[in-house]
Each structure stands twice: as C-alpha cells, then as structure tokens.
Amino acid sequence: MRVFKLVLPLVQGATMALSKSFDYVIVGAGTSGLVVANRLSEDPAVTVAVIEPGLDQRNNPNVTDMSKFSLAFGTSIDWQYKTTEQPGAGGKKLSLPQGKAWGGSSAINGT
Ligand SMILES: Cc1cc2nc3c(=O)[nH]c(=O)nc-3n(C[C@H](O)[C@H](O)[C@H](O)COP(=O)(O)OP(=O)(O)OC[C@H]3O[C@@H](n4cnc5c(N)ncnc54)[C@H](O)[C@@H]3O)c2cc1C
C-alpha cells in the first residue's frame with residue numbers, strides 16, 4: 001500500500017510530463033538544479049520541468065532535524081557511492097554520500 005502511494009504520483013507525474021513539451025528540462029532536483037529552475041520559472045512565459053528520482057523528504061526527521069546529521073547516510077535517500085580502492089587509505093573504498101531526494105545533497109548535508 002505504501003509503495004503504491006509513493007509510486008502512483010510518480011507515474012501520474014511522469015505521464016503528464018511525457019504528454020507535454022517544456023522550454024527547459026532540468027535533470028536533478030538538487031541544490032543547483034532547483035536554483036536554476038526557480039530562476040527560469042520567474043518568467044511566466046517559460047515552462048520548466050525538473051526530473052528527480054528521489055522523493056520529497058520534508059517529513060523525514062533525518063533530513064529536517066540537524067541533530068540527526070549522518071543518519072541518512074546509507075539509506076534510500078543516499079546514492080551510496082564508493083570511491084575506487086584508495087592506496088593512501090590502505091586500499092579501502094571510501095563512502096561518498098550524495099543526496100537522492102528533493103534538494104539533492106542539501107537533504108543530507110546537515111544544514
Ligand atoms: C554529507 C555532505 C555534507 C556536506 N556538507 C556541506 C557543508 O557543510 N557546506 C557546504 O557548503 N556544502 C556541503 N556539502 C555539499 C553540498 O551539499 C553540495 O555541494 C551541493 O548540494 C551539490 O549540489 P548539486 O546541485 O551539484 O548536486 P546535488 O544537490 O547532489 O543534486 C543532484 C541531484 O541530481 C539527482 N540525480 C542524480 N542522478 C540523476 C539522474 N540520472 N537523473 C535525474 N536526477 C539525478 C540526485 O538525486 C540529486 O537530487 C555536503 C555534501 C554532503 C553529501
């Protein structure tokens with residue numbers, strides 16, 4: 001049921017978007033993508049679409065509560081990238097958290 005509630009708006013949104021054309025399509029609703037979308041959409045004559053695989057996390061305390069900084073790492077709102085093996089770190093692969101949510105990495109960067 002929960003998955004259905006999450007997926008349905010995405011499918012509806014994608015279907016609506018596919019049936020339209022836009023002046024600008026921005027890939028990624030991260031920090032910079034949303035600034036660009038905001039600036040472009042100040043002109044009411046311009047249409048803007050933003051494509052983002054992450055979801056709205058405004059009700060996620062790991063995003064909204066700064067004291068929970070780092071708890072979102074390794075969860076579904078983190079792309080969970082790793083480096084290659086690092087010779088200077090004993091061959092370890094290091095974690096590179098990157099946000100997968102509305103707001104992108106600003107959703108997991110603490111402030
Ligand atoms: C843990 C952490 C702590 C940080 N701390 C600070 C700090 O203290 N001070 C500071 O100034 N900065 C900090 N940063 C850096 C700051 O958050 C980033 O520099 C900034 O958010 C990057 O913005 P961006 O728009 O380039 O990318 P992002 O905000 O990461 O946005 C990229 C967006 O693109 C989406 N995306 C990715 N692939 C695709 C695809 N194929 N199709 C569609 N969408 C896609 C992602 O889901 C994401 O929403 C921190 C970052 C992290 C991860």
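Ala, Val, Leu, Ile, Met, Phe, Trp, Tyr, Cys and Pro count as nonpolar, Asp, Glu, Lys and Arg as charged, and the others, Gly among them, as polar.

**View 1. Residues around the ligand in the predicted model.** By class, the shell around the ligand holds 9 nonpolar, 10 polar and 2 charged residues. In total, 21 residues surround the ligand. The closest of these are Thr31, Ser32, Glu52, Ser105 and Asn109.

**View 2. Ser32 and Ser105 beside the ligand.** Each of these serines has a polar side-chain atom beside a ligand oxygen atom. For Ser32 the distance is 2.5 Å. For Ser105 the distance is 2.7 Å. The ligand taken alone exposes 1000 Å², and the protein buries 56% of that area.

**View 3. Gly99 and the ligand.** Here the protein partner is a backbone atom: a polar backbone atom of Gly99 lies 3.4 Å from an oxygen atom of the ligand.

**View 4. Helices and strands of the protein chain.** The protein chain has 3 helices and 4 strands. Read from the N terminus, the order of the elements is α-β-α-β-α-β-β. Among contacts between residues at least 6 apart in sequence, 42% join residues at least 24 apart.

**View 5. Surface and interior of the protein chain.** The protein chain has 111 residues, and 20% of them count as buried. About 8100 Å² of the protein chain is exposed. Carbon and sulfur atoms supply 59% of this exposed area.

Conventions: Residues are numbered from 1 along each chain as its sequence is written. This is a predicted model: local features need pLDDT of at least 70, side-chain atom pairs count only at pLDDT 80 or more; totals for chains, interfaces and linings use all residues. Side-chain values use heavy atoms; hydrogens and water are left out. Helices (H or I, at least four residues) and strands (E, at least two) are DSSP runs, numbered from the N terminus. Buried means under 20% relative accessible area, exposed over 50%, partly exposed in between (1.4 Å probe, protein chains only). Contact means heavy atoms within 4.5 Å. Accessible areas come from the Shrake-Rupley method with a 1.4 Å probe; for residues, only the protein chains shown count as cover. A residue is near a molecule or strand if one of its heavy atoms lies within 4 Å of it. A polar contact is a pair of N or O atoms within 3.5 Å; within protein, one must be able to donate a hydrogen and the other to accept it, and residues adjacent in sequence count only if both atoms are side-chain atoms.
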